[in-house]
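Let's take a friendly walk through a protein model, looking at how helices pack and how charged side chains pair up. Keep the 3D view open as you read.

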Amino acid sequence: MTQDRVAQGIALILASVIAMAFADAVVKLVSADLTLWQVFVARSLCATPCLAVLAGLRGADLRPRAVIWVLLRSALLVLTWLTFYAALPVLDLSVAAVVMYTNPILTALFSAALLGAQVTRGQWIGVLLGFLGVAVILKPGSDGFSWYILLPLLGAVAYSLAMVLTRSKCQDEQAIVLAFGLHGSFIATGAIATAVLALAGPGTDTAHSFLLGHWAPMGAREWGAMALLGVLSAAFVLGVARAYQIAPPPIIATFDYAYLVSAAVWGFVFFAEKPDLLTVLGMALITLAGLCVAAPSQQKKAARPAP
């Protein structure tokens, strides 16, 4: 069993989430012109050659050790991106990111439930703070509430389960094997959805075309964006997988919060988004909650190998 390498895991997750936030901003940017399924297929078609070159240079064995767990992890991550991206044409990038980033709290809870980690009083306080932060951002019962905001919340659940699975069942898989599994799942999901929508008949209205529209023509600009997304995706998928393999999930999940800062910056740069006061308050509560959840148990978890 590999010994935990916490510092390396933290560095990997920080670099990965910064790249991920930029990639998500690009997806939101192209969502008016392309479909979600197009993004899934085209991005992964561009990412796969990058991974193949890297695998060839390393002489990597691409046979997974536990095919079922790799496929289940990939399915959970496809669901994560599906729900998150489906919300982007409607929600601000920073708002969707904040709701999505309840995942460190959920990761700690799932680690306790599935890996046997103890939940302390401080961690329970963190859980309560986190869900209070979500309630502040959701604004249930008010005119500002949107059902679309529940999509990144579902994505957070799927992402947390995938990260716990990475640690408990896929720790001995090569990160590049996990990356190939994920991008293969993206291509398969996108191709199947595109075929189903083509058989279903005419496309839907503009408001839902990102999710239910037909494959749009792609020129040099669109393929250039997909190539950029492919390179970024190959990088951050490898980075996230490796970070959660070599360090305890609650610690890595805490540093996942760098995504929120990056998403807010790119949201402002690309779309002039400015979070309102309640969103900023909710972001602060969720960040504090993640610190409460992870901090008390870092030392214990770092010293003990995962089951």
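## Two helices side by side

In this predicted model, the axes of H2 and helix H8 (residues 175-200) approach to within 8 Å and cross at roughly 155°. Angles over 145 degrees count as roughly antiparallel, and H2 and H8 are therefore roughly antiparallel to each other. Their crossing is left-handed.

Which residues make the contact between H2 and H8? On the H2 side they include Trp37, Phe40, Val41, Leu45 and Leu51. H8 contributes, among others, Ile176, Phe180, Phe186, Ile187 and Leu197. Sorted by class, the contact of H2 with H8 has 17 nonpolar, 6 polar and 1 charged residues. Arg43 of H2 is one of the residues taking part, and so is His183 of H8.

## Charged partners

Now let's turn to charge. Side chains of opposite charge can pair when their charged atoms come close. How many salt bridges does the structure hold? There are 3 salt bridges, listed here with the distance between the closest N and O atoms.

| Salt bridge | Closest N and O atoms |
|---|---|
| Arginine 221 with aspartate 33 | 3.7 Å |
| Aspartate 61 with arginine 63 | 3.0 Å |
| Arginine 221 with glutamate 222 | 3.5 Å |

Salt bridges that share partners join Asp33, Arg221 and Glu222 into one network.

Where do the partners arginine 221 and aspartate 33 lie? Arginine 221 sits in helix H10 (residues 220-246), while aspartate 33 is in the loop between helix H1 (6-30) and helix H2 (36-58), so this pair ties together parts that are 188 residues apart in sequence.

## Buried or exposed?

Next, see how open each partner is to its surroundings. Arginine 221 is exposed, with a relative accessible area of 53%. Its partner aspartate 33 is partly exposed, at 41% relative accessible area. Is glutamate 222 buried or exposed? With a relative accessible area of 17%, glutamate 222 is buried, because buried means under 20%.

The remaining salt bridge joins aspartate 61 and arginine 63. Aspartate 61 has a relative accessible area of 35% and is partly exposed, whereas arginine 63, at 64% relative accessibility, counts as exposed.

To finish, find arginine 221 in the 3D view and look for its partners aspartate 33 and glutamate 222. Then look at H2 and H8, and follow their roughly antiparallel directions.

Terms used: Residues are numbered from 1 along each chain as its sequence is written. This is a predicted model: local features need pLDDT of at least 70, side-chain atom pairs count only at pLDDT 80 or more; totals for chains, interfaces and linings use all residues. Side-chain values use heavy atoms; hydrogens and water are left out. A salt bridge is a side-chain nitrogen of Lys or Arg within 4 Å of a carboxyl oxygen of Asp or Glu. Helices (H or I, at least four residues) and strands (E, at least two) are DSSP runs, numbered from the N terminus. Buried means under 20% relative accessible area, exposed over 50%, partly exposed in between (1.4 Å probe, protein chains only). Axes are lines fitted to C-alpha atoms, for helices over the stretch in contact, and angles run from 0 to 180 degrees between N-to-C directions. Angles under 35 degrees count as roughly parallel, over 145 as roughly antiparallel, 65 to 115 as roughly perpendicular and the rest as oblique. A crossing is left-handed if the near helix is turned anticlockwise from the far one by less than a right angle, and right-handed if clockwise. Contact means heavy atoms within 4.5 Å. Ala, Val, Leu, Ile, Met, Phe, Trp, Tyr, Cys and Pro count as nonpolar, Asp, Glu, Lys and Arg as charged, and the others, Gly among them, as polar.
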